[in-house]
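Trainee: I am new to this structure and would like to learn how its features get their names. Could we go through it together?
Mentor: Gladly. Have a look first, and then ask away.

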Amino acid sequence: MRPQVTVVGSVNRDATVAVSQFPRPGETLLGGDLAQTLGGKGANQAVAAARLGAVTRFVGAIGVDGADVRSELVEAEVGVSGLVTLEGVPTGAALILVDDAAENMIVVSPGANARLAPAHLPAALLDGPGGVLLLQQEVPTDVVTEAARRAKDEGGTVVLNPAPSRPIAPDLLDAVDVLVPNQHELAALLDAPEPEGIEDCRALLARLPEHIEACVTLGADGALARSDAEIVHIQAPRVTAVDTVGSGDTFCGALGVALGNGASFIDSVAWAVHAASIAVGYRGAQGAFRGDDDLARLGPIPV
């Protein structure tokens, strides 16, 4: 049986331009060629999960202008029975700059993503007990909360990537099994000062509710993972980063696949760190895992 992963979240058209440096206010820069690709945290995580071996279903919203977006998800072998088309609003879009250091700046116009409602959710989110639900915060809070509650009732594992950062209601947090913030999101969640190093992150992880397994992503430093009372630092392989856009989404997609395959939380996080380290070697949010070579470098899904 292949792992079963459902993603409820955003889907965008990404418009990306490479620049030597980010512009200052009022400054005009010449950049590289415009690259237009499928994006959105939800879609990125769904595509990553599908390419990494899961049977993947995406639930989200597009405008009537989004036929190409639907086609691209289908081409990536992502199920789109839960993708609704809304009248009178555009499909979401993201405007992305990537500099020579592989850092990025992003502005998102949510479009149809902001109009997704609990009524658009399918009656059953998962294919059965043991499935994994991946959630982010680029769609309305009531949708995220309702999806988490339903998946919990269906016997699934609920994974929340709290990005972009915003307050999380207690009823949503109660339904979450796995929390995947970066350092900034973790500090915001706990209303704490920004961590200044790995030990600060370790202390913040220890403050999260005991029922949640959690990991904080650390970029080139890998991740800290907390399972029960154990907090483990998982180092990332040393690589040359080309583009960090979407690496966190690759991490979340890989984490969902490994958890759906029955792997332990620590082993799942380690596999996800390795997957993200491969993804930063490609341009674009969905550049990695298009061929067998990347999958061979990553290795089999842990069990």
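**Helix, cavities and sheet**

Mentor: Let us start with α7, which is mostly covered, as 12 of its 14 residues are buried. Keep in mind that this is a predicted model.

Trainee: What makes a residue of α7 count as buried?
Mentor: The cut-off is a relative accessible area under 20%. In α7, residues that meet it include D249, T250, F251, C252 and G253. S247 and L259 are also buried.

Trainee: How do you know that the span of α7 is close to the expected one?
Mentor: The expected span is 1.5 Å times one less than the number of residues. α7 has 14 residues, and for these 20 Å is expected. From its first C-alpha to its last, α7 reaches 20 Å, so the value fits the expectation. Just after this helix, G262 takes a positive phi of about 90 degrees.

Trainee: Why is the space that T250 helps to line called a cavity?
Mentor: It is called a cavity because a 1.4 Å probe fits there but cannot get out. The whole structure has two cavities of 30 Å³ or more, and the largest holds about 90 Å³ of space. Its lining has 15 residues, with T250, A285, Q286, G287 and A288 nearest the centre. α1 (41-51) and α7 (247-260) are the elements that give two or more residues to this lining, and α1 has the largest share, with four.

Trainee: What makes a lining residue such as G287 polar in this count?
Mentor: Gly is placed among the polar residues by the definition, so G287 counts as polar. The lining of the largest cavity has seven nonpolar, seven polar and one charged residues.

Trainee: Which residue makes up the charged part of the second largest cavity's lining?
Mentor: Asp counts as charged, so D127 is the one charged residue in that lining. Among the others there are Q4, V5 and T6. Strand β1 (residues 4-8) gives the most to this lining, with three residues. About 30 Å³ of space lies in this cavity.

Trainee: How do you know that β9 and β10 are paired?
Mentor: Pairing needs at least two bridges. Two bridges join β9 (residues 157-160) to β10 (residues 178-179), so the strands pair, and they run parallel. L160 has L179 in β10 as its bridge partner.

Trainee: Why are β5 and β13 at the edges of the sheet?
Mentor: β5 (78-86) and β13 (230-234) each have a single partner strand, so one side of each is left without a neighbour in the sheet. The sheet is open, with nine strands and mixed pairing.

Methods:
Residues are numbered from 1 along each chain as its sequence is written. This is a predicted model: local features need pLDDT of at least 70, side-chain atom pairs count only at pLDDT 80 or more; totals for chains, interfaces and linings use all residues. Side-chain values use heavy atoms; hydrogens and water are left out. On a 1 Å grid over the protein atoms alone, a cavity is a set of points where a 1.4 Å probe fits but cannot get out, and a pocket is an open set with protein on both sides within 12 Å along at least five of seven lines; lining residues have an atom within 4 Å of a point. Grid points are joined across faces, edges and corners, and a volume is the space filled by probe spheres set on the points. Buried means under 20% relative accessible area, exposed over 50%, partly exposed in between (1.4 Å probe, protein chains only).
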